[in-house]
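Please open the model in your viewer and keep the selection panel at hand. The tour below moves from strand to strand, with a selection to make at each stop.

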Amino acid sequence: MARQGHALNGGLYVYGLCAACNGLQSRYDRAYGELATALRGLWARSWLVRLPNMPSLPAADIRPGAVARSVLIGFFGVNPKLRELFPQLAASLIARDQAIILPRQMRLRLALARGPSARLGGPVGGMFLFGPRMNDRPLGFNNFAHLYFPPLAWQLTADEPSLLDVQRWAEVSEWLTRGADDVAALTALCPTLPVVAHPLHHPSQAEHWVEMFSGEITEIFEARGLPADLLHG
């Protein structure tokens, strides 16, 4: 049985990377911040706000290769097993290869996050006990790591049909094949993105969602009640 943590003030703090890898990730953090800033106007903190399912994204130039590297390195921090399962991928990130190729069984997915909560976690399998099914199985997902932090949501998932396909998450694995300094128009990469929340944070989905994970290898960090001015300044 997984042990349950406890609440702490101050947000999400994760110490999962060594100093060298933490420094490597910081090389790409500015690019991630530029993307988050471009999309901050799309964050709906209140569930009373009505949004289109697939809002159009604003015009902005971003560095997709750097953004994806920032996310992927962070996922290695929250799921140390990735280093054992995919050593070549870890080596490619450390070597700062011009193109990072994900293993064929892995996909990097992107959506817009809504609601007042954030969540960062390692490998989880989740499903809805009741409701729609996919391939005669409960609708859900299996991931290697996940991040919901407005205005963005990310999942590093297995290559299989899942809830993310129903929600129309974008697959952005290709961003990793671009150089870290390459610039591209956001609207050319993703003209639209779905608006999502983690099922446990969704007011009408939480009671039907069940998750399975190992308490020995999966850490989950959550923040509730994010401040309204989180993305301003």
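**Two strands and their partners**

Begin by selecting strand S4 (residues 124–128), where four of the five residues are buried, so that this strand is largely enclosed by the rest of the structure. Buried here means under 20% relative accessible area, as against exposed at over 50% and partly exposed in between, with a 1.4 Å probe and protein chains only; strands (E, at least two residues) are DSSP runs, as are helices (H or I, at least four), and they are numbered from the N terminus. This is a predicted model, in which local features need pLDDT of at least 70 and side-chain atom pairs count only at pLDDT 80 or more, while totals for chains, interfaces and linings use all residues. Residues are numbered from 1 along each chain as its sequence is written, and side-chain values use heavy atoms, with hydrogens and water left out.

Next, add strand S7 (residues 140–149), which is joined to S4 by four bridges and runs antiparallel to it; two strands pair if DSSP finds at least two bridges between them. Centre on Gly126, whose bridge partner in S7 is Phe141, and then show strand S12 (residues 209–212), which is antiparallel to S4 and joined to it by four bridges, with Glu211 of S12 opposite Gly126.

Now select strand S2 (residues 106–113): seven of its eight residues are buried, so S2 is largely enclosed by the rest of the structure. Strand S8 (residues 152–158) pairs with S2 in the antiparallel sense over seven bridges, among them the one between Arg107 and Thr157. To finish, add strand S11 (residues 195–196), which runs parallel to S2 and is joined to it by two bridges, with Ala113 opposite Val196.
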